[in-house]
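This report describes the fold, the nonpolar core and two backbone details of a single protein chain. Please keep the sequence and the model in view while reading.

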Amino acid sequence: MLVHRTHLMVAKVASTETMRPGLNGVHVFQRDGETIAEASDGHRLVRVSRPTESDADFPRQNEAPSADLGAEGITIPTKACADALKSLPRKCRFPLLADNLRLEQGPANDVALVATDLDTTARTATRPLEGSFPNVDQILSAKRAEPVLR
């Protein structure tokens with residue numbers, strides 16, 4: 001599965017409080033053909049959704065399978081998001097590679113965010129955060145389905 005750079009940029013809103021470990025990262029999940037990322041510090045909430053892109057055309061260095069988000073999704077720690085964003089190629093002729101990372105399943109419960117420019121590959125391995133991320137759909141009012149900012 002591919003994760004776009006804008007999915008990881010929402011990490012700037014994530015909580016830094018140790019008392020709320022479920023909010024210390026970016027919650028990523030898939031629904032209705034979209035990949036959705038959301039982060040919150042308990043006061044602010046950011047949600048980014050983009051159409052899900054296939055990782056079939058993304059070059060692979062190994063045969064690691066794409067990460068299975070399951071029904072709940074996963075929460076990627078803020079530091080891993082920042083490190084993965086830094087690893088994206090600065091100059092790349094292919095927009096698919098310049099803006100996307102492949103989310104791979106690692107050993108045990110680990111996941112890895114992989115960026116490449118065809119010459120070099122950077123892998124950011126991390127363990128998803130434990131604990132549940134709040135159900136944002138219950139928090140947001142059904143009356144306010146349109147985004148506040150565009």
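Of the 150 residues in the protein, 41% are buried, and the accessible surface comes to about 9100 Å², of which carbon and sulfur atoms hold 51%. The model is a predicted one, with an average pLDDT of 83 over the protein and a score of at least 70 for 89% of the residues. Confidence is not even along the chain: helix α2 (residues 78–87) has the highest mean, at 92, whereas helix α4 (residues 136–139) has the lowest, at 74.

**Fold and core**

The secondary structure consists of four helices and eight strands, and these elements follow one another from the N terminus in the order β-α-β-β-β-β-α-α-β-β-β-α. Among the contacts that link residues at least 6 apart in sequence, 61% are between residues at least 24 apart.

The largest nonpolar core contains 24 residues, and those with the most contacts inside it are L8, V26, V28, I76, L101, L103 and L113. Two or more residues of this core come from each of the elements β2, β3, β5 (74–77), α2, β6 (100–105) and β7. L101, one of the residues with the most contacts inside the core, shows what such a position touches: when its neighbours within four places in sequence are left aside, L101 is in contact with M1, L2, V3, L8, A84, S87, L88, L113, V114 and A115. Two of these partners, L8 and L113, are themselves named among the core residues with the most contacts.

**Two residues with positive phi**

Most residues other than glycine have a negative phi. Against that background, D32 and L118 deserve a look, and the table sets out their phi values.

| Residue | Phi |
|---|---|
| D32 | positive, about 50 degrees |
| L118 | positive, near 80 degrees |

Where in the chain does D32 lie? D32 is placed in the loop between β2 (25–31) and β3 (34–40), two strands that each give two or more residues to the largest nonpolar core. L118, in turn, belongs to the loop between β7 (111–116) and β8 (121–126).

Are these two residues buried or exposed? D32 has a relative accessible area of 76% and is therefore exposed, since the cut-off for that class is over 50%. L118, with a relative accessible area of 47%, is partly exposed, because this value falls between the 20% and 50% limits.

How values were computed. Residues numbered from 1 in each chain as written. Predicted model: local features only at pLDDT ≥ 70, side-chain atom pairs only at ≥ 80, totals over all residues. Heavy atoms only, no water. Buried < 20%, exposed > 50% of the residue type's maximum accessible area, 1.4 Å probe, protein only. pLDDT = per-residue confidence, 0-100. Core = buried A, V, L, I, M, F, W, Y, C linked by side-chain atoms within 4.5 Å. Contact = heavy atoms within 4.5 Å. Areas by Shrake-Rupley, 256 points an atom, 1.4 Å probe, with all protein chains shown as cover.
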